[in-house]
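Please open the model in the viewer and display side chains as sticks. The tour below proceeds from one selection to the next, with a short account of what is found at each stop.

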Amino acid sequence: MREDFSPVDRVLEGLRGAGYLADSTTGTVVHLAKELGKPVLVEGPAGTGKTQLAKSAALAAGKPLIRLQCYEGLDESKAIYEWDYRRQLLQLQLEQGSSTGSLDAAGIFGEEFLLSRPLLAAIRSAEPVVLLIDEVDRLDIESEALLLEVLSEFQVSVPELGTVTARHIPQVFLTSNNTRDLSEALKRRCLYLHLGHPSAEREAEIIQLRVPELAAHLAAQIAQLVAVLRGTDLRKPPSVAESIDWARTLVALGAAELTDDVTRQTISVLLKYQQDIETALAELSIAG
């Protein structure tokens, strides 16, 4: 890597080396998040590379990735920590007949009985990590509040043990598909980045980077066709991830050209509703 690169250029080069083609805005936000020790909230439509950005940042930095997949009903025991009740019970049984007068005295609330879930695992890690909190908009507002202490202080409060503070501040990415508005408290703790659908030219570059064995003219054709389809009335417009899957499909089939027959036979890789497939074939003037 050239020494005269700016810090943002180094981030972009590192991401590219990890298979992720980012623009200067993305590179700037990732760089600032690292320098300021702040999480990045990445919002945008599904399949635009939000999760992949965190994965590629981890790969580029040589850091382990710890992932918390969010869902409705996620609670503290799945997101932060819980106690190993079986081991605690065994310890109490071993203490039977002794003069132990309390649970604390029995020693069942030591760190050896603590089961770390993703948030606490990132805080307790002995080495720097990337923490991905994926699809945070799936959480309800009460569960979202679980994240605030971690994202602001990089610590976790365990009533029986006290406060566990991060040995190394993790590099944090939160992703959201905008299915609901996130709280101001959460947004205030993060730098913000929006990832939308790229231009046809940029998408062709992304496809070529991720599927280098695909001919350049096919990458351009896929990107142009996908751009056309995103402008039509589809229930689910194709994502960048699906464009890449389509490119890999063409390679697997050994297709040299994106003919009408090839498009008709493989478009289900790109579109996931029959109504959308029929709309797309009509838009492209391809007989079903």
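A salt bridge is taken here as a side-chain nitrogen of Lys or Arg within 4 Å of a carboxyl oxygen of Asp or Glu. The model on display is predicted, and a search of the whole structure finds nine such salt bridges.

**First stop: Lys236, Glu242 and Lys272**

Select Lys236 and Glu242. These two residues form a salt bridge, with 2.9 Å between the closest N and O atoms. Colouring by accessibility separates the partners: Lys236 is partly exposed at 30% relative accessibility, whereas Glu242 is buried at 7%.

Keep Glu242 and add Lys272 to the selection. Glu242 also forms a salt bridge with Lys272, and here the closest N and O atoms are 3.4 Å apart. Glu242 lies in helix H12 (residues 240-253) and Lys272 in the loop between helix H13 (260-266) and helix H14 (274-283), so this pair ties together parts that are 30 residues apart in sequence. Lys272 has a relative accessible area of 45% and is partly exposed. With all three residues shown, one network comes into view: Lys236, Glu242 and Lys272 are joined by salt bridges that share partners.

**Second stop: Arg180 and Glu144**

Next, select Arg180 and Glu144. Their salt bridge brings the closest N and O atoms to 2.5 Å. Which parts of the chain does this pair tie together? Arg180 lies in the loop between strand E8 (171-176) and helix H9 (184-188), while Glu144 lies in helix H7 (residues 141-144), so the pair links parts that are 36 residues apart in sequence.

Is Glu144 buried or exposed? Glu144 is buried, with a relative accessible area of 1%. Arg180, by contrast, counts as partly exposed at 22% relative accessibility; the cut-off for buried is under 20%.

**Third stop: Glu82 and its surroundings**

Finally, move to Glu82, in strand E3 (residues 81-83). At 18% relative accessibility, Glu82 counts as buried, because the value is under 20%. Show Arg117 as well: the side chains of Glu82 and Arg117 make a polar contact at 2.3 Å.

To complete the view, display the other contacts of Glu82. Leaving aside residues up to four places away in sequence, Glu82 touches Ser77, Phe113, Leu114 and Leu115 as well as Arg117.

Note on methods. Residues numbered from 1 in each chain as written. Predicted model: local features only at pLDDT ≥ 70, side-chain atom pairs only at ≥ 80, totals over all residues. Heavy atoms only, no water. Helix = DSSP H or I, 4+ residues; strand = E, 2+ residues; numbered from the N terminus. Buried < 20%, exposed > 50% of the residue type's maximum accessible area, 1.4 Å probe, protein only. Polar contact = N/O pair within 3.5 Å; in protein donor to acceptor, adjacent residues only side chain to side chain. Contact = heavy atoms within 4.5 Å.
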